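Me: Please take a close look at the contact between chain A and chain B. Which residues and elements of chain A take part in it?

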Amino acid sequence: MEKFSNVFLINNKLYTKNLVPGKKVHGEKLLNRNGKELRSWHPYKSKLASAILKGLKELPITPGSKVLYLGASTGTTASHVSDIADKNGKVVCVEYSEKPMEKLIPLAEKRSNMLPVMGDANKPKEYTDYCQDVNVVYQDVAQPNQAEILLKNTRFLEKGDEALLCIKSRSINAVEEPKKVFEKEISKLRKDFRIKETLELKPFHKDHAFIRCKKKSATSP
Amino acid sequence: MKDRKKAIEEARKKVKEAKTERDQLIIHSIKAVEEMDEVFNLFYERVENWHSLHFPELPEIVKNPETYLHIINELLTRPEMKEEKLKQHTPKAKKIEKESKKSMGAELDEKDLKQIKRLAKLAIDVKNERNEIEEYIKDVTKEVTPNLRALAGPILTARLLSLAGSLEKMAKMPASTIQVLGAEKALFAHLKKNVPPPKHGVIFNHPEVRKSSEDNRGKVSRSLANKLAIAARLDYFGDKHKGKEMKKEFQEKLKKIRG
Ligand SMILES: C[S@@+](CC[C@H](N)C(=O)[O-])C[C@H]1O[C@@H](n2cnc3c(N)ncnc32)[C@H](O)[C@@H]1O
């Protein structure tokens, strides 16, 4: 079954259509269905995959999407986002530490829609040049100021564009109840966004929430 | 997408920059280790001379500086040096106790000896801290210079970087220069006077060079230096982890040299 464009659910397992047939990214399985090559997508390895399995209603990333991906790490999830966005889409992958970047660069070299950026998501000016046409933001940085980081990056979105945000409760405050932490972060987001969905990612990712939100109106940069 | 090429190039450059900054961490660390070794030796010599007023026979029996310092730190005075307590430090416990009873050293009181204990304690601490930094070097070289590390081991890698000044400089050096890094004095003598050029600098510390016969040492050094030059470039350009492969090649070369 095609759950979303380029995202398939077969026997309770998720797959995306491989943008680069024959090439694996993280030791996943490849599968052939109706002349398409599919790559398996593990909920334990990817928060977006787990959010979809937990019932995400709408996926703002579609073929042709121009995605700004903050906290791309070695590109596990980003590669599936790149599959979904497809040839006409684009994924700008921002990562600030050099070690995962070393793996992300060769991945981007193989994927025609992927741009690696070694930069800090707190300083969107550093990568503005690559983001002129961005219309979705995906963020998974596991940082204490995660809501603020997203707000700093809303300048790339127009009214009605959406953002997906993974919130890790532990990294903000190790003692406070995860529920409270999520609520606090969500209330910060309300400044620029309307919250469309919130999901918990249990049992795939402990103390993680996933938020889909929609930009309210144009912000001044 | 024309932006993409630019992005990839920029990201590569930044990774490289980030790494070359980290090479300076290795260089400071190895310099600190060398300085701490000097400090340790100074302190050890002072403790040995000082305490020998009281027990001059001890350094003759316990030759290992660290063991010696631990004994001074824990069992300062001759009357305290009983076999039972010494046993955990050295197999020569019995002998020490015996010698302590008929020592020619002066009788010093607790107050006098305590000052020596202070210094012994400090020397032990310096050694421990030095070892911590060495562990750190083992770790960072794995991350920053995996190819050099595979060939030369973490400590020699750090010494080479320190002598070269940076990973960038080392990556740009011809193998012949790497071969004599650390032998500047001998090289200078060769140029000034009429003595043969040095066969090796700090790479003499590599086990394969060290264990080579006098006749082969020059060839082994040259072949190691060739590999190190390639490894430094690979590390600098952050491309591939070919360390294992290169080590194998080096070992095959060794077989040929040694026949
Ligand atoms: C939880 S991991 C992301 C995993 C990835 N999204 C996936 O599913 O494959 C978080 C990443 O964000 C990066 N990160 C944290 N703070 C950042 C910042 N301010 N700017 C850019 N990247 C950041 C970290 O280095 C780390 O690689």
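Reply: The following account describes that contact from the side of chain A.

This is a predicted model, in which local features need pLDDT of at least 70 and side-chain atom pairs count only at pLDDT 80 or more, while totals for chains, interfaces and linings use all residues. Residues are numbered from 1 along each chain as its sequence is written, chains are lettered from A in the order in which they are written, and side-chain values use heavy atoms, leaving out hydrogens and water.

Chain A contributes 19 residues and chain B 16 residues, contact meaning heavy atoms within 4.5 Å. About 1600 Å² is buried between the two chains, 58% of it from carbon and sulfur atoms; buried area is the accessible area (1.4 Å probe) that two parts lose on being put together, summed over both. In chain A, the residues that lose the most area to chain B are E98(A), M118(A) and Y130(A), together 36% of what that side buries.

The rule finds two salt bridges across this interface, a salt bridge being a side-chain nitrogen of Lys or Arg within 4 Å of a carboxyl oxygen of Asp or Glu. E98(A) forms a salt bridge with R22(B), with the closest N and O atoms 4.0 Å apart.

Helix 3 and strand 8 of chain A are the elements that give two or more residues to the side touching chain B. Helix 3 of chain A gives the most, with eight residues. Helices (H or I, at least four residues) and strands (E, at least two) are DSSP runs, numbered from the N terminus.
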